[in-house]
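Subject: Structure for your files

Hello,

Here is the structure I promised to pass on. My notes on what was found in it follow below.

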Amino acid sequence: KRVISKTTIHYSGDSMYSKKTVGSFMIVVVAVLFFTSIGHSADQFPNDINEAGKTNSPCNERVDNAIDGSDHTKFLNFEGKNGASGFYLSFSCKVNLDTITFVTANDHPGRDLYLLDVFGCHHGMSDKVKSGCRRLGNDSVTVEKADKPYAEVSAHFTNDKSFSYYKVMITAIRNRSENSFQFAEVWGSGSGKSCPGSYLGHGKN
């Protein structure tokens, strides 16, 4: 026998391990992979996005840019400083989100998002639907501060339900003296299997 890191390994003929040992090892590996995967966060990429509340965007910086898979386009909204504006995300199946992730835009870090109100909705992506949305948490959630353009930043919240639609309202930006909010990309993450989305996601294609 020989000792490696205080573990004794026995040789039997030409085989280092018996079939029984190998079988037991494989069972342990499969069990560990299965149980460690339960509850882990999965990226959830939306298949559609829509404006919420008041919106005033340049024609080349509209909300669709936020799920086009490119960091070099962005959604900019001049109405979005004081909680009166935001966006809806639609998913191809019900997802349990507990995180919204953004890619910051190319300039003006004062326009980065700071505080959000997040809602889970059952009845589509329209402000005309007055019911069917549930606020997730009692307080606004904070978006992480970016240290550079094109940075990934996230906002975390508590959610025990799955929804096909999420509504996100912008309640504060980093610098109140700026005239708009902006971001390049957005997606979510949470427990459960990933739904097919509109793209594979920032940096994941």
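I will start with a cavity. The second largest cavity is lined by Phe102, Thr104, Asp112, Leu113, Val143, Val153, Gln182 and Phe183. By class, that lining has five nonpolar, two polar and one charged residues, and the volume of this cavity is about 30 Å³. The structure holds two cavities of 30 Å³ or more. Please keep in mind throughout that this is a predicted model.

Overall fold

The protein has one helix and 13 strands. Read from the N terminus, the order of elements is β-β-α-β-β-β-β-β-β-β-β-β-β-β. The chain has 205 residues, and 40% of them count as buried. Taking contacts between residues at least 6 apart in sequence, 77% join residues at least 24 apart.

Nonpolar cores

The largest nonpolar core has 30 residues, and Phe87, Phe102, Leu116, Phe183 and Val186 have the most contacts inside it. At least two residues of this core come from each of β6 (85-103), β7 (113-121), β10 (152-156), β11 (163-173) and β12 (181-183). Strand β6 gives the largest share, seven residues. There is also a second, separate core of six residues, among them Tyr88, Phe119, Cys121 and Met169. Two residues of the largest core, Phe102 and Phe183, also appear in the lining of the second largest cavity.

The largest pocket

The largest pocket has a volume of about 150 Å³. Its lining is made up of 14 residues, and those nearest the centre of the pocket are His108, Pro109, Asp112, Ala146 and Lys148. The lining divides into four nonpolar, four polar and six charged residues. Asp112, one of the residues nearest the centre of the pocket, is also in the lining of the second largest cavity.

Disulfides

How many disulfides does a search of the whole structure find? It finds two. With the bonded cysteines numbered in sequence order, the pairing is 1-4, 2-3.

One disulfide joins Cys93 to Cys195, with an S to S distance of 1.5 Å. This link is left-handed, with -70° about the S-S bond. It connects distant parts of the chain: Cys93 is in strand β6 and Cys195 is in the segment after β13 (185-191), 102 residues apart. Cys93 counts as partly exposed because its relative accessibility is 29%. Cys195, at 6% relative accessibility, counts as buried.

The other disulfide joins Cys121 to Cys133, S to S 2.0 Å. This one is right-handed, with 110° about the S-S bond. Here too distant parts of the chain are linked, with Cys121 in strand β7 and Cys133 in strand β8 (residues 133-135), twelve residues apart. Cys121 is buried, since its relative accessible area is 0%, whereas Cys133 is partly exposed at 35%. Cys121 is also one of the residues of the second core.

As for another cysteine, Cys59 counts as exposed, at 65% relative accessibility.

A buried lysine

Is Lys167 buried or exposed? Its relative accessibility is 19%, so Lys167 counts as buried; the cut-off for buried is under 20%. Lys167 lies in strand β11. Leaving out residues up to four places away in sequence, Lys167 touches Ala52, Phe87, Tyr88, Asp117, Val118, Phe119, Cys121 and Asp127. Of these, Tyr88, Phe119 and Cys121 are in the second core, and Phe87 is among the residues with the most contacts in the largest core.

Backbone points to check by eye

Most residues other than glycine have a negative phi. Which value does phi take at His108? Phi is positive there, about 45°, although His108 is not a glycine. His108 is found in the loop between β6 and β7 and is partly exposed, with a relative accessible area of 35%. His108 is also one of the residues nearest the centre of the largest pocket.

Tyr150 is another residue other than glycine with a positive phi, near 60°. Tyr150 lies in the loop between β9 (141-142) and β10. With a relative accessible area of 31%, Tyr150 is partly exposed.

Regards

Technical notes
Residues numbered from 1 in each chain as written. Predicted model: local features only at pLDDT ≥ 70, side-chain atom pairs only at ≥ 80, totals over all residues. Heavy atoms only, no water. 1 Å grid on protein atoms, 1.4 Å probe; cavity = no way out; pocket = protein on both sides within 12 Å on 5 of 7 lines; lining within 4 Å. Points joined across faces, edges and corners; volume = space filled by probe spheres on them. Nonpolar A, V, L, I, M, F, W, Y, C, P; charged D, E, K, R; others polar. Core = buried A, V, L, I, M, F, W, Y, C linked by side-chain atoms within 4.5 Å. Buried < 20%, exposed > 50% of the residue type's maximum accessible area, 1.4 Å probe, protein only. Helix = DSSP H or I, 4+ residues; strand = E, 2+ residues; numbered from the N terminus. Disulfide = S-S within 2.5 Å. Contact = heavy atoms within 4.5 Å.
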